[in-house]
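Please load the model in your viewer and follow the stops below in order. Each stop says what to select and what is there.

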Amino acid sequence: MSLLSLHNLGVRFGGLRAVSDVSLTVEQGQIFGLLGPNGAGKTTLVNMISGLIAPTEGSITFADEAGGPWPIDQAVRRGIVRTFQQTRAFLGLTVRENLRIAGIAAASAPPTDELIAAFHLEPVLDRPAGDLNYATLRHLGIALALSLRPRLLLLDEPAVGLTGAEVDRLAQLIRDWNGRGVTVLLIEHNVRFLMALSHRVAVLDRGRLLFQGTPAECRANPQVIDVYLGRSAEHA
Amino acid sequence: MLDLFLQQTVNGLALGSTYALVALGLTLIFGVLLIPNFAHGEFYMVGAFLTYALVMAGLNFWLAMALGALAVIALGCLIDLVAFRPLRGAPPLSLMISALAASIILQQTATLIWTSEARTIPTPVTGVLRTPFFIVTWMQVVVMASLILSVAAIWAILNRTRLGLAIRATAQNHDAALLMGISMVQVRLATFAIGAALGAIAGALLGATFPIYPTMGVNPVLKAFVVLVLGGIGSLRGAVLGGLFLGLVEVMVAGYLSTELQDIGAFTLLVLVLLIRPQGFFGTAQVER
Amino acid sequence: MARIPHIALISAVAFAAAVAVATQMNDYLLYVVILWAIFASLAVSFDVLLGYTGYLSLAHGALFGLGAYTGAIMTTRAGAGFWLALPVAGLVTAGVAMVVALIAFRTRGLYFAVLTLGIGLIGHQMFLVASGLTGGVLGFAGIPGPGVPSWLPIDQNLWNTCLALALLLVTFLAAQVFVRSRLGAACIAVREDMTLAQALGIGISRARLSAFIFSGFFTGLAGALFAAINNFVAPESFTVLGTGFQLVALVVVGGMGTLWGPILGAALLTALPEALRMASGYSMLAYGVLLLVFILFAPKGFAGLIQRGAAVLRRPATRKLSPTKEGVR
Amino acid sequence: APALTDEILIGELHPLTGPASFYGIPESRGIQLAVEEINAAGGVRVGDQSQMLRLMTEDDHSTPTAGVAALKKLRAADVRFIIGPLGSGVAPALFPIIDRDSGVTQIVDGTIAEGVTNGRNIFRNQAAVSQYDLAVADLFRSKKYASVAMMTDRFHAGFMGTQPALSETLKSLNATVAAEEYYKLGDTDFSAAMTKLVSLQPEVLLIRGYPAEGALITRQARQLGYEGQVVWEMVSPPSTVLKNISATEMEGVYNCIPPTTEDYIALGQDKALAFDKAYQAKFGTTPGELSTLSYDAVYILKAAFEKAGSTENEAVNAALAAMRPEDVPQLISGYVAHQDGRLFDDVGQVNLRGAVSIWQGEGWVPVPDLAG
Amino acid sequence: MLEISDLRAGYGRMAVLHGLDLTAMPGRPTVVMGANGVGKTTLCRAITGLIPVWSGGIRLDGHDITCLSPAQRVRRGIALVPEGRQVFPDMTVRDNLRLGAYLRGEPGPSDLEQVEALFPILADRRRQTAGLLSGGEQQMLALARALMSRPRLLILDEPSQGLAPKAVAQVAEAVQRISESGVAILLVEQNMTLAETVGEWAVVLQGGRAEVEGPASTVLKSGAVEASYLGH
Ligand SMILES: Nc1ncnc2c1ncn2[C@@H]1O[C@H](COP(=O)(O)OP(=O)(O)OP(=O)(O)O)[C@@H](O)[C@H]1O
Ligand SMILES: Nc1ncnc2c1ncn2[C@@H]1O[C@H](COP(=O)(O)OP(=O)(O)OP(=O)(O)O)[C@@H](O)[C@H]1O
Ligand SMILES: [Mg+2]
Ligand SMILES: [Mg+2]
């Protein structure tokens, strides 16, 4: 069953077409990877799906409901929740307060205790988020999003700045929550990480959809190698 | 009827250019250092008083203005040193309170020195320019000309000099500017110096037409903040056009509705403009990334 | 949340103690206490907006005046009693605050501050221009005071003081409840990071609107009480530069984002000019210097100073080790 | 009952800080001077006992709230005689408190606003605006002006208070009121109103407020081509006027107010000259505009104490109500007795009528033949 | 050329670096690795003078620069590509580059050509405001900007963050070329690919100190890095 469908979605900023004519479908329960060179329009796409900016063309269907994208609060109410490329948390507040505040808009009681355990936040509960180290802060960012029990989680480069071991741990976390029914749309430049996680991937290039398919197909696609992976594709 | 309208338009532009002149220095300091400098009104006031004192001591007006501006530049740098620099990195609200405190201190000191009696600098340029359509005093022409000169000068400094580049860079990213080898001390000094000089010049010129007294800066600075927001914060073009626009509206309201509604009209306009364009005429909306 | 009863208890005791002390004061000191209590409750409700939601409103001087004039008109022209006029003034002010907020929340940062400054200036001018209602510049005279209940053996001044202290108590408790509620949490989210708050589905419009209306309501109450106690009000008391900025100073000097900080701030800034009466010519100068010193050396306000002092007392010496000696391992 | 001490406490309440301090400080000093003089001359003779005056000075910042606090402070220190305030915004705030407090006597020496005296325990030795307005009416009556435009400072409670009445009076004198415009203290640009006004060509431009704005309005009106008669109604000593406008631009302007300190000195009145000399010797500056009023107020109180033979408020109030100008020989201001011969009328107001003067050369010159 | 000895620095009262020793020289690009929060960025900020040093010394070409202002250090040839993008968001790409050359006066056309050849995207976007570039584009701009000052010591704080693999390869190539031109490189990195490609010498930070040090080929394969990530 498809959860999210984009129909010819596009946006222009002045003269620049940041995203044009993107159509794709994310199935319920999938982890869907989104790749593309810098500036391809990945963040912009997520911005549109999550309702942070309005598209200039196209529409989306979510959970069989047409008429999207919706403004951000309505999107959240439908279960579309995102994280940010530059992690956001309430930096002046403690981790505990962050989680409390994130929970207030949740329709049902937030799984706060589970999140604290899963993301190893216990030791830092009373530290201001601004004092956290980078990895923990990234974890907190994702935990905040998960406390809304999203149906679709949009992750914008969650592994940036994480070390190998931390990346692996994050992958495990994403897999766990995906296993519990959270569909994930994942943007990442860490190709190994993304390919290992994703059921299906798409590649954007200069605002257009260049490729859609399985990770294996993607790795082998000459166009993708050319614009994105580069000659040293063996690293992927 | 048309004559009257033309005359009122000229009146409005003349008034507006005084607003713009005061707003320029404010917008510069705010744009670069993010300081809502309420003490700008006191730069203006001290500029006026010093010019007055020097003119009374027998100096030529223009020389007095220049000397006054120099003294106010020193004052501006001192205020920065004492009231603002220690607060680097503090929330804007602290800066605002600090600016208010500086403003009170300067006002009170001026009262102790000069008392609160009102006085006016003898006009350096007398006479009236009478055209078939409207009348304008030569002093008003001087003010408008000074506005144009000041804007041109600031624009040139900001966009055509390395100092200007440094100032703009600092405005956008303090740490990165440091990494470029920009000296913060230099940038702050320069910004405050230019801002204070603009304030002092405005004070001298307007003090030659309006009464000067220790609290004379309060109203202009409030209006200047309105102008700033009307035009878009940090935008020079916005400061000038916002000032002229505000002047025109005030005069038209006073001339065609009621003098009692002059201020109400001006502020209602502010509310309306911000309703339609929350970032002012030339402000840019912030992008969330 | 469980702490509300505690706070209520402590506040009630403080209130009783304040009243007890007040019985020993002369009329002048009582008046200073009244001014303090009224400005403290203004500051507390203002802090809900400024300190907890992060919006700087300069329209509150005018809202204070609106409450005062509404109370005055109610008790004179409309012939209502003080106890009816008081809530009506609160509600009217809250209503106007809502309209102001709907306009002003289209903007943020300095734009918001200047927009509300404009609204504050319009309000102040309206008090002057609408002289049929307000008495214009001549002021509104003959406002009846809050009558002392016949069964109470105290005089008017003491009664006024009790009312002002009670207003402070009620405002403080209401603010405590508000900031601990879900709305309060949403306000904090708005203050900390609006985009994130939105992304988390927090209704930021509703949150900040309720903070503004909350502060408007209590500002209105304070205004009506101020008018009744003084029997006279004039537009001069509701200027942006006077009252509007003074409120900001009270909250910032007291310590933003704590509810007891502004109460201390109000105490300091009310007591200060009175204490400086002696030095007449220099009093404003001293006020300015003190404000500056405070902002420079106690940037988190009175509350920050006290918290820091308490922290030092609580763990003596152990953390005083030179930072360089602290190993991670 | 007041304790029997050999001191009488007098409280004074004036703006010593802020913009109004320009008027407030000289008033306060006028009082100090009088008190010192009286004490140096042996104090006040109450019954068969001499008592010294002791002064308590409070700053009212010219705002209602600070004024009330200052009053309460004076009262808490058991001050029962108060001189002040200056501000038209302060006096009405103090009025309800003092009006119901029979333990205090007040002499208002500053504001000209209406309705701040009661003739019981609140008196005023300064003119009321309506008395200024009498001089304006005199001028219009004698010159038979056909039309007038008025510019009034709408922050000035006194002038705003009589604006409708004055307008009616002028109409009854057959003058058309072409425009009633307002400005506020601190305004600098009057071009919109002046443009409109000049196009109406009224015979008289009447400006009511303070001299800084008065000068500015006069100048801007002339620049925009106004050629009619300019009439001021404001306390405006030449020294202040000349700081804001040149003498040539002022030539021929009328002013309609009672004489002020500078006028009495200029007229060469003996007591005024002595006051000027003493003031300058003590404070090193000229005595300002209203300081003689404050000085007079102290002497009025002294006379009341002596006449009452008591410092009980009730007795002093009665003495004040019955006082005649000649009971206080030290008075500098030219008070005229009311018809019944008293200094204060039933509501406690002195008779200090405005007079018309004209600017000639470097200052105001009385126009004597109008008042009749 | 860069010698750091017994460096201590931190924020407020919290020490981050506890006596760190490190050297960097031309021809031997040094990569600094370590877990998140170990103090890599703090080290970069201390070297460039953005935060004060508590004790210890930083010497450049034998001269003590510990007390110099950031500007004076830039003048002596230190440039930093800071973590996060740190571009001037409302200025054009061109003005950002001009600022890189701030202390040298106006940059010549050849300077601009050089960096634009290195990162062609910047030539395309010359007039765009930098804040509207994508994350990766901004990263390239930051690197290009640092090069504009013709540094002798180039410090890069996690330049691969947020870059597409192809772009990472580009950066690696660029850094190698810069290194070959005689510039000393200090590269803070967690991306093994980049570290391995560029690094000749590797330092692993742990507990605020340089815990392991040696030729990159040995250190990076020794498992010391993995251990440091896990072992805190
Ligand atoms: N508000 C905006 N105005 C103008 N241009 C914009 C705006 N936002 C994004 N762009 C441009 O749109 C393009 C796509 O940007 P986007 O941030 O979506 O890229 P991305 O795929 O997320 O890249 P990266 O992987 O580097 O984060 C970029 O070229 C960027 O400069
Ligand atoms: N401005 C600051 N104020 C207080 N503490 C800070 C500040 N910046 C960093 N820290 C703390 O200093 C420690 C070291 O931070 P630093 O940024 O140097 O780490 P890093 O090694 O660069 O980590 P990363 O790999 O995440 O970039 C961390 O614990 C961090 O929380
Ligand atoms: Mg992106
Ligand atoms: Mg780092």
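Start by selecting chain C and showing its surface: about 12,400 Å² is exposed, and carbon and sulfur atoms supply 70% of that area. Bear in mind throughout that this is a predicted model.

**Stop 1: chain C on its own**

Switch chain C to a cartoon, and 14 helices and two strands appear. Along the principal axes, its C-alpha atoms fill a box of roughly 75 × 50 × 45 Å. How does the radius of gyration of chain C stand against that of a compact globule? A compact globule of 329 residues would have a value near 20 Å, and chain C, at 21 Å, agrees with this.

Colour chain C by accessibility next: 59% of its 329 residues count as buried. For the contacts, take pairs with a separation of 6 or more; residues 24 or more positions apart account for 78% of them in chain C. Then select the charged side chains of chain C, where there are 18 positive and 8 negative charges. The mean positions of these two sets are 15 Å apart.

**Stop 2: where chain C meets chain B**

Keep chain C and add chain B. Eight pairs of chains touch in the model, and the pair with the most contacts is B and C. Selecting the contact residues picks out 36 in chain C and 42 in chain B. The area buried between chain C and chain B is about 3,600 Å², and carbon and sulfur atoms give 83% of it. Which residues of chain C lose the most area to chain B? Show C:Arg106, C:Leu110 and C:Tyr111 as sticks: these are the ones, and together they make up 18% of what the chain C side buries.

**Stop 3: a leucine in chain B**

Stay with chain B and centre on B:Leu248, which lies in helix α10, residues 236-256. Is B:Leu248 buried or exposed? Its relative accessibility is 23%, so B:Leu248 counts as partly exposed; the cut-off for buried is under 20%.

Now add B:Val10 to the selection. B:Leu248 and B:Val10 are 238 residues apart along the chain, yet their C-alpha atoms are separated by 8.4 Å. Leaving aside neighbours within four places in sequence, the residues in contact with B:Leu248 are B:Thr9, B:Gly12 and B:Leu13.

**Stop 4: a serine in chain D**

Move to chain D and select helix α12, residues 291-308, which contains D:Ser291. D:Ser291 has a relative accessible area of 0%, so this serine is buried. To see what surrounds D:Ser291, leave out residues up to four places away in sequence and show the rest of its contacts: D:Pro26, D:Glu27, D:Gly30, D:Thr261, D:Phe275 and D:Tyr279.

With chain D still shown, bring in chain A. No contact joins these two chains, and their closest C-alpha atoms lie 39 Å apart. Replace chain A with chain E: there is again no contact with chain D, and the closest C-alpha atoms of chains D and E lie 38 Å apart.

**Stop 5: chain A**

Hide everything but chain A, whose secondary structure comes to nine helices and ten strands. The C-alpha atoms of chain A fill a box of roughly 50 × 40 × 35 Å along the principal axes. Its radius of gyration is 17 Å, in agreement with the value near 18 Å for a compact globule of 236 residues. Buried residues make up 58% of the chain.

On the surface of chain A, carbon and sulfur atoms hold 48% of an accessible area of about 9,000 Å². Colour by charge to find 22 positive and 22 negative side chains, with the centres of the two sets 3 Å apart.

**Stop 6: chain E**

Finish with chain E, shown as a cartoon with ten helices and ten strands. The box around its C-alpha atoms is roughly 45 × 35 × 30 Å, taken along the principal axes. For 232 residues a compact globule would have a radius of gyration near 17 Å, and the 17 Å of chain E agrees. Of these residues, 61% count as buried.

The surface of chain E exposes about 8,500 Å², with 50% supplied by carbon and sulfur atoms. Its 23 positive and 24 negative side chains have centres that lie 5 Å apart.

Note on methods:
Residues numbered from 1 in each chain as written. Chains lettered and ligands numbered in written order. Predicted model: local features only at pLDDT ≥ 70, side-chain atom pairs only at ≥ 80, totals over all residues. Heavy atoms only, no water. Helix = DSSP H or I, 4+ residues; strand = E, 2+ residues; numbered from the N terminus. Rg over C-alpha atoms; globule rule 2.2 N^0.38 Å. Buried < 20%, exposed > 50% of the residue type's maximum accessible area, 1.4 Å probe, protein only. Areas by Shrake-Rupley, 256 points an atom, 1.4 Å probe, with all protein chains shown as cover. Lys, Arg positive; Asp, Glu negative; His and termini not counted. Charge placed at Lys NZ, Arg CZ, Asp CG, Glu CD. Contact = heavy atoms within 4.5 Å. Buried area = accessible area lost by both parts, 1.4 Å probe.
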